[in-house]
Amino acid sequence: MDTSTLIVSLAGVLAWAAPILFAVLGETITERAGVINLSLNGTILLSAMGGFAMAVDTGSLLLGFLTGMAIGALVALVVALSSITLHQSQVAVGFVLALLCRDLSYFLGNPYMGLPGPRLSTWSIPLLSEIPYLGPLFFDQDLVTYTSFALIFIIWLFVYKTRPGLALRGIGERPAAAFVRGANVKRLRYLYTVIGGAIIGLAGPAYSLSIKAGWKGTISGLDGIGWIALAITIFGGWNPLRAAFGAYLFSFLQWLGLALQTRLPNIPSQVLQVAPFPLMILTLLLVNIGNAEWVDRILASLPEGMRRVVARFLRALQASPPASLGVPFESE
Amino acid sequence: MPKRTVWLNILFQVAAVLLALGFTTLVLVMAGAPPLVAYQRIIYGSLSTFSRFTDVLVSWIPLMLTISGLLITFSAGLWNIGIEGQVTVGAVFTTLVIRLLMDTAVPDSLVIALSILAGVVGGALWALLAGALKTFGGVNEIFGGLGLNFVATALTIWLIFGPWKRPGVASMAGTEPFPAEFSLPLFPDLRLSPWSLAFGILAIVIVYFLLRGTHFGLKLKAIGRNMRAAFLLGIPTWQHMMLAFLLCGAFAGLAGALQVTAIYHRLIPSISSGYGFLGLLVGMLINYQAIWAAPVALFFAALNVGSIQLPLVLKLDSSFSGVLQGVLVLFVLMTEGLRQRLLGRGGLRLGRKNQGEK
């Protein structure tokens, strides 16, 4: 494989990661506020279908993306309402919505199956795209991919460098303390769940109007992405930068699977496409295993030098969720 | 519980069903379909003839098996989302045993029995894997289970397109069907097997008494309510959780085994047919009370069978049953929350002593 083909492939990896990034970043914000939105898989499918249908009917890409965001926000609002106000299990409601929205997208999307629709075109940034190697990699993409680049840093800055970001982390870690300091925990949780949902809702149109343009119902190949995004959120340790790394890694592994297919003709393509999933379990295992007690015991029995290396490795991978993730908050 | 609270509870549940029907009617209108005709087709498609009703039972059996298993894990406070994979691996193990033994001197009925047993073992092993990931690896059972579901699907597809492919060309239609002597006996002229029906009924009866009348069931519930307290009381918590996974996986594996031996007679890519996830939905709807499992599962199975009519008659997608089922569960959960908010938990306003009843 020569350099230019490789660059084109890697640019594809960056573009393919964009929808996953939206989903992961949206979920990161939601979970930072202490709410789990388990509906991702359904939200992505429904926003993909809804965004595509809107774009086909009106011919406007912008309206398509806005529809996707509105769907994401609406589904998140149901999660917030059910859990924050009505005290139902977040996991239960999210899971029901994941199935419901998926079936809803197949049912309502039926008339739009296989229709030709508008597609976002590439928009090379003048001058910057001329830079050797980096230009075609980063600056010869479409608007969706640029947005995904920008969002990583915007959200990282927001979470770690601003005052509202501090409050966001506060309501996820110690809601009682945040409440005492004047934060309206419930209202903020509503706000960030809905904002997070709107960002997740970008993921659908990013598929159906850009990298996998069109709507093909059950064979769209989008079923499952949402569950992966949830796993990457954990892998990302609720940190936007690490989450972005996870999304790019996953996208890269998927590309690698496709690239290897020509070399390994005996393995059916369906198997290579799901190869990242076992890897995802493995990474989740590595992220979590440092928390297990028996690991500490084994570590203690290792020789000094080796123990330090292994311990440092596990610490680097380890991630702990926001302390009040999934825990309802009552002010009285 | 005072009479007034009972009536109010029923009122809220009726409201949930009406809201759900209202929502699905809206969805039908959006899809440009006549709602009344659609509902009529679903009822007609599931109940109009005796043979259609037995088709509902065919769909009810695997659902019953997955719910039975899930009631055990739910009791222990576990969300066994990996159940889809457990059904799938059960089916894979069953297919494996039939393939290994079908050309040997082993009697046909013994082959079937062994293959079903293998399915049970396969499902249990796959569930233990999710349990081990949770217990020893700290991986939440929801994410471990989801990952294992994908792995199970990949395994199935690899087998169908690789080692077990049909002579000639491999396809999504599955492996080569087994000869008729390797399938469970069916009622004459029906798709229903008396054996499967017996398994389905037996499963829920066993689980009902297991959870209600045994020490084991009590310990599981203690773990589900408050794991730390259960541990301090001397209940070996992780061992019980692993056992709950194992039992749930065994029921799921049996469902997979029956999918192969009584329905498809081969391995197909979507062998689990979504019965695992549907079982989770039913579990939420009945608030994990075994007594309601059979009738609610029958209703869900009827929706599944009835909605097959929609693409044929009205050119609608058959995923409508999924929409109806999902909306129903969602509205029941939400009105339950609303009821608790308005009336207090278990009728707080009517006196504190009711608090412990739910």
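The exercises below, each with a worked solution, concern a predicted model of two chains, A and B.

Residues are numbered from 1 along each chain as its sequence is written, while chains are lettered from A and ligands numbered from 1 in the order in which they are written. Because the model is predicted, local features need pLDDT of at least 70 and side-chain atom pairs count only at pLDDT 80 or more, whereas totals for chains, interfaces and linings use all residues.

**Exercise 1. Overall form of the chains**

Describe the secondary structure of chain A and of chain B, and set the radius of gyration of each against the globule rule.

Solution. Begin with the elements, where helices (H or I, at least four residues) and strands (E, at least two) are DSSP runs, numbered from the N terminus. Chain A contains 15 helices and zero strands, and chain B contains 14 helices and zero strands.

Next take the radius of gyration, which is computed over C-alpha atoms, the rule for a globule being 2.2 Å times the number of residues to the power 0.38. For the 332 residues of chain A the rule gives a value near 20 Å, and the 21 Å of chain A agrees with a compact globule; for the 358 residues of chain B the rule gives a value near 21 Å, and the 22 Å of chain B agrees as well. Along the principal axes, the C-alpha trace of chain A spans about 55 × 50 × 45 Å, and that of chain B about 70 × 60 × 35 Å.

Then consider burial: a residue is buried if 20 or more other C-beta atoms, placed from the backbone, lie within 10 Å of its own, exposed if 12 or fewer, and partly exposed in between. Buried residues form 45% of the 332 residues in chain A and 51% of the 358 residues in chain B.

Finally, count contacts, a pair being in contact if the C-beta atoms, placed from the backbone, lie within 7 Å. In chain A, 78% of the contacts between residues at least 6 apart in sequence join residues at least 24 apart; in chain B, 77% of the contacts with a separation of 6 or more are between residues 24 or more positions apart.

**Exercise 2. Two helices of chain B**

Compare the end-to-end reach of α12(B) and of α14(B) with the expected span, and state which residues or how many of them are buried.

Solution. The expected span is 1.5 Å times one less than the number of residues in the helix. Helix α12(B), residues 293–306, has 14 residues and reaches 20 Å from first to last C-alpha, close to the expected 20 Å. Its buried residues include B:A293, B:A297, B:F300 and B:L303, and the buried residues of α12(B) pack against several helices of chain B, among them α3 (50–75), α7 (194–213) and α14 (320–343).

For α14(B), the 24 residues reach 34 Å, close to the expected 34 Å. Since 17 of these 24 residues are buried, α14(B) is largely enclosed by the rest of the structure.

**Exercise 3. The contact between the chains**

Determine how many residues each chain gives to the contact, and which element of chain B gives the largest share.

Solution. The contact takes 42 residues from chain B and 38 residues from chain A. On the side of chain B, the elements that give two or more residues are α1 (3–30), α5 (108–137), α6 (141–161), α11 and α14. The largest share, 14 residues, comes from α14(B). For the composition, Ala, Val, Leu, Ile, Met, Phe, Trp, Tyr, Cys and Pro count as nonpolar, Asp, Glu, Lys and Arg as charged, and the others, Gly among them, as polar; on this basis the side of chain B that touches chain A has 28 nonpolar, 11 polar and three charged residues.

**Exercise 4. Packing of α5(B) and α6(B)**

Give the geometry of this helix pair and name residues that make its contact.

Solution. Axes are lines fitted to C-alpha atoms, for helices over the stretch in contact, and angles run from 0 to 180 degrees between N-to-C directions. The two axes come within 9 Å and cross at roughly 145 degrees. Residues in this contact include B:W126, B:L129 and B:L133 of α5(B) and B:G144, B:G145 and B:L148 of α6(B). By class, the contact of α5(B) with α6(B) has six nonpolar, two polar and two charged residues.

**Exercise 5. Positive phi in two loops**

Locate A:H87 and B:S273, and decide whether each is buried or partly exposed.

Solution. A:H87, in the loop between α3 (61–85) and α4 (90–108) of chain A, has a phi near 60 degrees, a positive value in a residue other than glycine. With 15 other C-beta atoms within 10 Å, A:H87 is partly exposed. B:S273, in the loop between α10 (237–264) and α11 of chain B, has a positive phi of about 50 degrees although it is not a glycine. B:S273 counts as buried because it has 21 C-beta neighbours inside 10 Å.

How values were computed:
Two residues are in contact if their C-beta atoms, placed from the backbone, lie within 7 Å.
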